[in-house]
Structure formats: structure tokens, C-alpha cells
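Here is a guided walk through one protein chain, written for someone who likes to keep the structure open while reading. Turn the model around as you go.

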Amino acid sequence: MTLLESTTKITLLDEIIGKDQRLFFYLNGQLTHPVLDTILPFFRETLFWIPLYLFVITFMLMNFGKRGLGWIIFILITVALCDMVSTSLIKANVMRLRPCQDPSFARYIRLLIPGCPSESSFTSTHASTYFGMATFFFLTLRTILPKWIGFVFLWAGLIAYAQVYVGVHYPLDILFGALVGSAVAVFSAGFFNRRIGLCTFGELTV
């Protein structure tokens, strides 16, 4: 690699990072609303979604029996894999400072949660796990709930967007986290559909 090629690549990377930072400041500091300031910090909390998770578990067990239990086990495996890939494989090797950690402009951001997380920013594990769940939902339930299943991506997107809005992640952290989670879920959902699958509502749940 020549010096010119090396300089070009560094300049391109700097340009991408600069655009990512500018988009972050726009979403975090300008495209704001008091209502979003109130609700989006809650969206990123696991406890906030426990009623939804309990509903999904009950729905799957009541309608699909043992296959529903298998579905629950597989989605838990999917979440664990998404977390492992994002946290242990990527974050541990790409040590990007979070916006709220960066001393050069941390004081300029709006941090809407009590403290800035200490781990690396890239990739967003929230984006990875929630898009992993959304993709698994979609690929395993799209023939059963065709009118509604697409909303899972809106759900995952809102949670991922909240990470930028509250000041703890850059947009690129979210994008690549979503891609990681979706990729993991494609494999896990494909394996589930081939080996177990879900019966239709008209079949006996045993």
C-alpha cells in the first residue's frame, strides 16, 4: 500500500466518522421533543417491555404448545448469540468511545439517562438484540400473522433510535448492530423453521 492510498483510506474513514458524528448531533440535539425526552429513555429499558414479553410467551404456549416452547427457547438463544457477537466479539475489539464518553464533545450532548455506560460504543448491543428478535419474529411468524408482523421492525427501530436520542450511541453503532442481530436471526430462524416450525392455529397444540 502506497502512502497516497493509506492517506486516502484514512481520509475516507475520517469523513465517514465525521458524518456519523454530525448526524448524531442532529438527532440528539436538534430533532427533539419534550414527549420523546420523557418516553424514549424508558423504551431502552428491558423492564419496560416485560408485559409484552409475558404476552408473547403466553400467546406462543397457548397456540402452539410444545412447538411454542421450542420457539421461546430458540429466540432466547438468538438473543444470547446477538449479545455475545456484539459485546464479546465486536465491542471487545473495536474500542470506540461512546458520545457521552468522548472528552472532545461529551459536554455538548444531551444525556437523558442517569449515567454514561462504560463499555465500547460499537456496535450497539441494544440494536443487535432487538433487531435479532424482530427478524426472528418476522421469519418464523410471517405466514401466521402476515398483517401485523412487520410492526416488529418499527418496535426494534424505535428502541435502537432511542440509543442515539438519549446520547449513548452513534447512528453507525445502531446500523451495524442491527445488521449483526438480523444476520444472527436469519441463521437461527432458518434452523428453527427447518427443524421444528410452527403449526397453524387450526392444528391441535400438543
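A residue counts as buried when its relative accessible area is under 20%, as exposed when it is over 50%, and as partly exposed in between. Thr87 has a relative accessibility of 32%, so Thr87 falls in the partly exposed class. Please keep in mind that this is a predicted model.

## The chain as a whole

The protein chain has 6 helices and 0 strands. Read from the N terminus, the order of elements is therefore simply α-α-α-α-α-α. The C-alpha trace spans about 65 × 50 × 30 Å along its principal axes. Of the 206 residues in the protein chain, 43% are buried. The accessible surface of the chain is about 11,600 Å², and carbon and sulfur atoms account for 71% of that surface. Among contacts with a separation of 6 or more, 81% are between residues 24 or more positions apart.

## Two helix pairs

Two packed helices are described by the angle between their axes and the distance between the axes. Two pairs are set out here.

| Helix pair | Axis distance | Crossing angle |
|---|---|---|
| α4 (residues 125-141) and α6 (residues 171-195) | within 7 Å | roughly 35° |
| α2 (residues 34-43) and α5 (residues 151-165) | within 8 Å | roughly 115° |

Let us take α4 and α6 to begin with. Their crossing is right-handed. On the α4 side, the contact includes Ala127, Phe131, Phe136 and Leu139, while the α6 side includes Gly177, Gly181, Ala185 and Phe192. Sorted by class, this contact has 11 nonpolar residues, 9 polar residues and no charged ones.

Leu139, which is found in helix α4, gives a close-up of this contact. Setting aside neighbours within four places in sequence, Leu139 is in contact with Ala185, Val186, Ala189 and Asn193. Those four partners are among the α6 residues that make the helix contact. Leu139 and Ile149 are 10 residues apart in sequence, and their C-alpha atoms are 9.2 Å apart in space.

Now for α2 and α5. These helices pass each other in a left-handed crossing. Leu36, Asp37, Leu40 and Phe43 of α2 meet Leu158, Ile159, Tyr161, Ala162 and Tyr165 of α5. The residues of this contact divide into 8 nonpolar, no polar and 1 charged.

Which residues does Leu31 contact, leaving aside its neighbours within four places in sequence? They are Tyr26, Tyr161 and Tyr165. Leu31 sits in the loop between α1 (3-29) and α2. Leu31 has a relative accessible area of 40% and is thus partly exposed. Although Leu31 and Tyr165 are 134 residues apart along the chain, their C-alpha atoms are separated by 8.8 Å. Tyr161 and Tyr165 also belong to the α5 side of the α2 contact.

## Cysteines

How many disulfides does a search of the whole structure find? The search finds 1. This disulfide joins Cys100 to Cys116, with an S to S distance of 2.0 Å. Both cysteines lie in the loop between α3 (50-91) and α4, 16 residues apart. The torsion about their S-S bond is about 65°, so the disulfide is right-handed.

The two partners fall in separate accessibility classes: Cys100 is buried, because its relative accessible area of 13% is under 20%, whereas Cys116 is partly exposed at 29%. Another cysteine, Cys82, has a relative accessibility of 0% and therefore counts as buried.

## The loop before α4 and the end of α3

The loop between α3 and α4 also holds Thr123. A cis peptide bond joins Phe122 and Thr123, with omega about 0°.

Thr87, the residue from the start of this report, lies in helix α3. Is Thr87 buried or exposed? Neither word fits, because at 32% Thr87 is partly exposed. Leaving aside neighbours within four places in sequence, Thr87 is in contact with Ala92 and Thr125. Thr87 and Gly157 are 70 residues apart in sequence and 19 Å apart in space, C-alpha to C-alpha.

Conventions. Residues numbered from 1 in each chain as written. Predicted model: local features only at pLDDT ≥ 70, side-chain atom pairs only at ≥ 80, totals over all residues. Heavy atoms only, no water. Axes fitted to C-alpha atoms, helices over the stretch in contact; angles between N-to-C directions. Helix = DSSP H or I, 4+ residues; strand = E, 2+ residues; numbered from the N terminus. Left-handed = near helix turned anticlockwise from the far one by under 90°. Contact = heavy atoms within 4.5 Å. Nonpolar A, V, L, I, M, F, W, Y, C, P; charged D, E, K, R; others polar. Disulfide = S-S within 2.5 Å. Buried < 20%, exposed > 50% of the residue type's maximum accessible area, 1.4 Å probe, protein only. Areas by Shrake-Rupley, 256 points an atom, 1.4 Å probe, with all protein chains shown as cover.
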